[in-house]
Amino acid sequence: MRIFVTGASGWIGSAVVPELIGAGHEAVGLARSDTSAQRLEAAGAIVHRGDLDDPEALAKAAADSDGVIHLAFQHELAFGGNFAAAAAADRRAVEAMGNALADSDRPFVLASGMIGLTAGRVATENDGLVASPEIRANPAGRRAATALLALSLRGIGVRSSVLRFAPTVHGDGDNGFIATLVGIARQRGVAGYVGDGANRWPAVHRSDAARLARLAVEAAPAGSVLHAAGDEGVPFRQIAEAMGRHLDIPTMSVAPQDAAEHFGFLGHFAGLDSPVSAAITRDLLGWEPTGPSLLDDLAQGHYYR
Ligand SMILES: NC(=O)c1ccc[n+]([C@@H]2O[C@H](COP(=O)([O-])OP(=O)(O)OC[C@H]3O[C@@H](n4cnc5c(N)ncnc54)[C@H](OP(=O)(O)O)[C@@H]3O)[C@@H](O)[C@H]2O)c1
């Protein structure tokens, strides 16, 4: 298959590209800069120059493909304080690519998240499928609404699926939440957790996340929701303890009211209890995570370089 991958130069996308090529597919990667284009070429992908803010160009690339994996998201804009603008651009991109694939039964895989889907209860793939007040109240609610839009594309003849990634897609080279937490711990001289730290975070190794993206584009039935979670819930205190051990600093409980001050933009997420199940995904696609667990990965040392 010729697969158009947006976000192909990103953390997950740069593992998805070799995963696709290794399975005999052609990967066409969206690149918005020379640097990203060079990175994609070096990885063996075909480069499609364009930007998330140019839905027409995205639609053309989607129409020229046998399927799309949409991973790009304007994180800089979102974490820079304009989440609404990033989410709106994403929605326009999904609409454009979805319409380009109409009446073809071609696959469209949308990246999404899973943190905060349910409060304290194990979330399954069947949760978060209605735009409930809880979803709307969640900061990621606008993206959840786009995920529902993507699922509805099955109604116009697209084999669409939503791939919810664990909040930490970890591995050597990760620059995301776990690397940020290591940086905060190092800077503060303590590895913090909120309250008693029993709240759980799901996690998945990047290699397993990439394999699931490939399986999704190859075979996920229309309307599937998939959970990329190898660890279904790691107690946050154990994450902090692993960091404390490696940085040789103490661990410390942070009161919930001080979480925003201590963890910055991660203050909202650090105390969330967000366990998930990936059982439906495993059964549906025969996906078996084989990469290291988050705690094993934290023990390998690369996060502290
Ligand atoms: N990583 C995680 O732990 C995690 C967890 C849950 C969900 N997700 C979701 O999974 C997806 C992939 O995440 P990631 O960690 O791989 O993200 P990432 O490393 O931040 O990569 C983002 C990608 O989007 C591209 N991009 C950003 N703005 C663009 C624009 N205006 N036009 C074209 N391309 C643009 C970037 O291109 P450049 O290379 O040119 O910057 C990059 O390829 C995202 O939707 C993310 O929200 C990730």
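# A tour from Arg 282

Start by selecting Arg 282, which counts as partly exposed at 24% relative accessibility. Partly exposed is the range between buried (under 20% relative accessible area) and exposed (over 50%), using a 1.4 Å probe and protein chains only. You are looking at a predicted model, where local features need pLDDT of at least 70, side-chain atom pairs count only at pLDDT 80 or more, and totals for chains, interfaces and linings use all residues. Residues are numbered from 1 along each chain as its sequence is written, and side-chain values use heavy atoms, with hydrogens and water left out.

**Salt bridges**

Now add Glu 288, whose side chain meets that of Arg 282 in a salt bridge at 3.2 Å, N to O. The term salt bridge stands for a side-chain nitrogen of Lys or Arg within 4 Å of a carboxyl oxygen of Asp or Glu. Glu 288 is partly exposed too, at 44% relative accessibility. Next, select Glu 19, Arg 214 and Glu 218 together: salt bridges with shared partners join these residues into one network. Side chains of opposite charge can pair when their charged atoms come close.

How many salt bridges does a search of the whole structure find? The search turns up 14. Here are two further stops:

- Select Arg 121 and Asp 127, a salt bridge whose closest N and O atoms are 2.9 Å apart. Arg 121 is partly exposed at 46%, whereas Asp 127 is buried at 14%.
- Select Arg 211 and Asp 208, where the closest N and O atoms of the salt bridge are 3.0 Å apart. Both residues are buried, and both lie in helix H9 (residues 206-219), three residues apart, about one turn of the helix.

**A charged patch**

Go on to Asp 51, in the loop between strand E3 (46-49) and helix H3 (55-63). Asp 51 is partly exposed, with a relative accessible area of 30%. Add Asp 53, Asp 54 and Glu 56 to the selection, and you have a patch of negative charge on the surface. Such patches are made of residues with over 30% relative accessible area and no salt bridge, with like charges joined within 9 Å.

**Two residues to measure from**

Select Arg 39 in helix H2 (residues 34-42); Arg 39 is partly exposed, with a relative accessible area of 46%. Draw a C-alpha to C-alpha distance to Ala 8: the two residues are 31 apart in sequence and 9.3 Å apart in space.

Then click on Leu 30 in strand E2 (residues 26-31). Is Leu 30 buried or exposed? Leu 30 is buried, with a relative accessible area of 7%. From there to His 262, 232 residues away along the chain, the C-alpha atoms are separated by 36 Å.

**Zoom out**

Finally, show the whole chain as a cartoon: the chain has 14 helices and twelve strands, taken as DSSP runs (helices H or I, at least four residues; strands E, at least two) numbered from the N terminus. The radius of gyration is 19 Å, close to the 19 Å that the globule rule gives for 305 residues, so the chain is as compact as a globular protein of that length. That radius is taken over C-alpha atoms, and the rule is 2.2 Å times the number of residues to the power 0.38. Along its principal axes, the C-alpha trace spans about 55 × 45 × 35 Å. Buried residues make up 52% of the 305 residues.

Notes
Patches are made of residues with over 30% relative accessible area and no salt bridge: like charges are joined within 9 Å, nonpolar side chains (Val, Leu, Ile, Met, Phe, Trp, Tyr) within 5 Å. Accessible areas come from the Shrake-Rupley method with a 1.4 Å probe; for residues, only the protein chains shown count as cover. Lys and Arg count as positive and Asp and Glu as negative; His and the chain ends are not counted. The place of a charge is taken as NZ of Lys, CZ of Arg, CG of Asp or CD of Glu.
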